[in-house]
Number of protein chains: 2
Amino acid sequence: MPNTPAIIPVILSGGSGTRLWPLSTAARPKQFLEFVPGGTMLAQTLARAPADSFGEPLVICNAAHAELVLSQCAGRAVNLILEPSARNTAPAIALAALSLPPEALMLVMPSDHVIADVGAFHRAIASAQELAQDGWLVTFGITPTGPETGYGYIRSGEELGSGLWRAEQFVEKPDAATAQTYLDEGCYNWNAGIFLFNAGAYIEALSKHAPEMLEASRRSLAAARREGASVHPEAEAFAACPSDSVDYAVMEKAERVAVVPVDMGWSDIGSWDALHDLLPKDDAGNVLVGDVTALGSSGCLVRTDGPAVAVTGVDNLIVIASADAVMILPRGQSQDVKTIVEALKAAKHPVMKR
Amino acid sequence: MPNTPAIIPVILSGGSGTRLWPLSTAARPKQFLEFVPGGTMLAQTLARAPADSFGEPLVICNAAHAELVLSQCAGRAVNLILEPSARNTAPAIALAALSLPPEALMLVMPSDHVIADVGAFHRAIASAQELAQDGWLVTFGITPTGPETGYGYIRSGEELGSGLWRAEQFVEKPDAATAQTYLDEGCYNWNAGIFLFNAGAYIEALSKHAPEMLEASRRSLAAARREGASVHPEAEAFAACPSDSVDYAVMEKAERVAVVPVDMGWSDIGSWDALHDLLPKDDAGNVLVGDVTALGSSGCLVRTDGPAVAVTGVDNLIVIASADAVMILPRGQSQDVKTIVEALKAAKHPVMKR
């Protein structure tokens, strides 16, 4: 792995998704849970950029999660930026970029993705490094494994070097037919939200395409409270910052954007169905995690972090149990978690308060 | 209701069934839980024999459940016989009979049955009273509502009076075809294990058909420790008592056994399926008890005494949750609870230790 200059892992840990409810909650979202053996998703994200070949990580997270983040760092020195409010990814990365020297290379990674082939990831980083040093905003494009409708796609344009392409277009989540044409054309990759660029290049792009965001981030940092390795940006200034994703605010608009296609066993575990697909199954196609007893059942995902769960004679069911909530739905319909969560929120159900 | 002489409700609360696991457990079996609105099954059993028309109840239970029993008596004076070990129903009733004057009328009732039409029950008791005073062992036979294979049947013989018949034969749980012939013949009723007889008649029948049992019960009571209204029969003597049901040990063998057919909305809630049948359903045929959210689901029984449960898009499922265990199986297959319980016991699972 490259180590001069050190690449700074910039880890976005602000997510509070509920697609993996009831395990993922506002108090303990997905990145602080273990779904694939080897530690929590955040711990595995940190381990992907080890101390011997990367700089000191910078984690941007919700202020309420500071302790949780530190508990996942295994004693490694980590700098924290504690967001006083959630403003999506572009402002989070702005806070990071403004905290680093302009020439610092930032490896921006969501904290809740799986990468099975870390070697492939490291090779892609190495191949992207020169472009990033030159001021390109480099995005890692995931080689599609099927006509997925759940991701945005990046269309490759002219070749910039071996395995490096200009990112010609960012496109929204397609319908199934469009996704198939993308797959057939072969020049589209999934947008995973993993980037490499230098701090100065990002700030320059922001100044051009999202000057208000840059200004608010700057003011918020200027008035920040610092406490050891933690930075608390000033709340009022940050609250005034427009909320936007790095894709919309910067990547789709900036000129020198490159894509490095990479096939690295990536998944964002965007649903319980995705987790069932990802994990090894028993002979009956079941994925059983935790204190689970399954008799005469097949094709199920049953996971508990709370009560013992026993199932018998059921097929293709997803059962997720925590200490205070149990959710059951058919496999293939795990998008309905959203409907359940909305119903419980509308009912002001106590389990939604954690 | 008759009140001279006072009929003594003798309530058998020694059961520790697991057919309603995970709610019913060794520490808190079925009779101490509420399945039908109106209190626990034991409380409803006591209420069926109210203080204004019945004598002081005598409850025979596992010594470990004394507190639980008293918590269900709502301040009513109750005598307890605390069994040092479980020896089935015949010895339990022997302990009760030996504690009462020979002429005392005993209304023997399991503590975990539902009787919707208490008026019909009281009328049946009134009509049976004279026979019982005369030394007959009277059993209440439930008018069958279908060809049930889960109960024993009692065949009526000669008529002894209005609505009173000699019990000609006790037959085991039949197969479906046999059950249908019983139904067609019209002279069979379900054996619900509810009896009326005087203490002396029961002791006499025991002395004839189960003398060892009578002797062991007598010795155990003679050496009993008494504490207020509680009797602790001596453990070693009682342990030596043969274990048998009142049906096998006495009813099938005694000569003067009568049956009073009664249609009183009876159920022993012998399974989760039976509970689904019994309780009122929503428009989609669901029975939802406790903190349950059901979306797009039909024909389900979902009950929780522990975590919140949310189901979506599932049909004909039984989901039962307690604080430490969740069980899921298809409706119509609730006999498989037994298989689950056996598997968990074989695995020495901690949830089986409570």
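# Worked exercises on a predicted two-chain model

The domain assignment splits chain A into domain 1 (7–267) and domain 2 (272–353). The model is predicted, and the exercises below walk through its parts step by step.

## Exercise 1: The two domains of chain A

Find how far apart the centres of domain 1 and domain 2 of chain A lie, and describe the contact between these domains.

Solution. Begin with the centres: taken over C-alpha atoms, those of domain 1 and domain 2 of chain A are 29 Å apart. Next, look at the contact, where ten residues of domain 1 of chain A meet twelve residues of domain 2 of chain A. Finally, sort the domain 1 side by class: seven residues are nonpolar, two are polar and one is charged.

## Exercise 2: How chain A meets chain B

Work out how many residues each chain gives to the contact, and which element of chain A gives the largest share.

Solution. Start with the count: 29 residues come from chain A and 29 residues from chain B. Then list the elements of chain A that give two or more residues to its side: β15 (292–295), β17 (308–312), β18 (317–321), β19 (325–330) and α11 (337–346). The largest share comes from β19(A), with six residues. By class, the chain A side holds 20 nonpolar, seven polar and two charged residues.

## Exercise 3: The symmetry of the pair

Determine what turn and shift lay chain A on chain B, and which residue of chain A comes closest to the rotation axis.

Solution. Take the superposition to begin with: a turn of 179° with a shift of 0.1 Å along the axis lays chain A on chain B, with an RMSD of 0.1 Å. This is the relation of a two-fold axis. Now search chain A for the residue closest to that rotation axis: the answer is Ala323(A), whose C-alpha is at 3.9 Å. To finish, compare the two sides of the interface: 100% of the interface residues of chain A are interface residues in chain B too, so the copies meet through the same surface.

## Exercise 4: A sheet built from both chains

Trace the order of the six-strand open sheet that contains β14(A), and say which strands stand at its edges.

Solution. Follow the strands across the sheet: β14(A)-β16(A)-β18(A)-β19(A)-β17(B)-β15(B), with mixed pairing. The edges are β14 (287–289) of chain A and β15 (292–295) of chain B; each has a single partner strand, so one side of each lacks a neighbour in the sheet. From one strand to the next, the twist averages 5°.

Now look at individual pairs. β14(A) runs parallel to β16 (residues 301–304) of chain A, with three bridges between them. Within this pair, Leu288(A) has Val302(A) as its bridge partner. A helix packs on this sheet as well: α11(A) touches β19 of chain A together with β15 and β17 of chain B, and its direction makes about 130° with that of β15(B).

Where the chains join, β19(A) pairs in the parallel sense with β17 (residues 308–312) of chain B, over four bridges. One bridge to pick out links Ala325(A) with Ala308(B).

## Exercise 5: The other six-strand sheet

Do the same for the open sheet that contains β15(A), and find what lies across it.

Solution. Its order is β15(A)-β17(A)-β19(B)-β18(B)-β16(B)-β14(B), again with mixed pairing. Here β15 of chain A and β14 (287–289) of chain B stand at the edges, each with a single partner strand, so one side of each is without a neighbour in the sheet. Within the sheet, β15(A) and β17(A) run parallel and are joined by four bridges. Thr293(A) stands opposite Ala310(A) in β17(A). Lying across β15 and β17 of chain A together with β19 (325–330) of chain B is helix α11 (residues 337–346) of chain B, at about 130° to β15(A).

## Exercise 6: A hairpin in chain A

Identify the partners of Arg155(A) in β8(A) and in β9(A).

Solution. First place the strands: β7 (residues 153–161) and β8 (residues 164–171) of chain A run antiparallel and are joined by six bridges. They form a hairpin with two residues between them, and Gly163(A) in the turn has a positive phi of about 75°. In β8(A), Arg155(A) has Gln169(A) as its bridge partner. β7(A) also pairs in the antiparallel sense with β9 (residues 188–198) of chain A, over three bridges. There, the bridge partner of Arg155(A) is Tyr188(A).

Terms used
Residues are numbered from 1 along each chain as its sequence is written. Chains are lettered from A and ligands numbered from 1 in the order in which they are written. This is a predicted model: local features need pLDDT of at least 70, side-chain atom pairs count only at pLDDT 80 or more; totals for chains, interfaces and linings use all residues. Domain bounds come from an automatic or database domain assignment. Two residues are in contact if their C-beta atoms, placed from the backbone, lie within 7 Å. Ala, Val, Leu, Ile, Met, Phe, Trp, Tyr, Cys and Pro count as nonpolar, Asp, Glu, Lys and Arg as charged, and the others, Gly among them, as polar. Two strands pair if DSSP finds at least two bridges between them. Copies are superposed by least squares on the C-alpha atoms of residues with pLDDT of at least 70 in both. Axes are lines fitted to C-alpha atoms, for helices over the stretch in contact, and angles run from 0 to 180 degrees between N-to-C directions.
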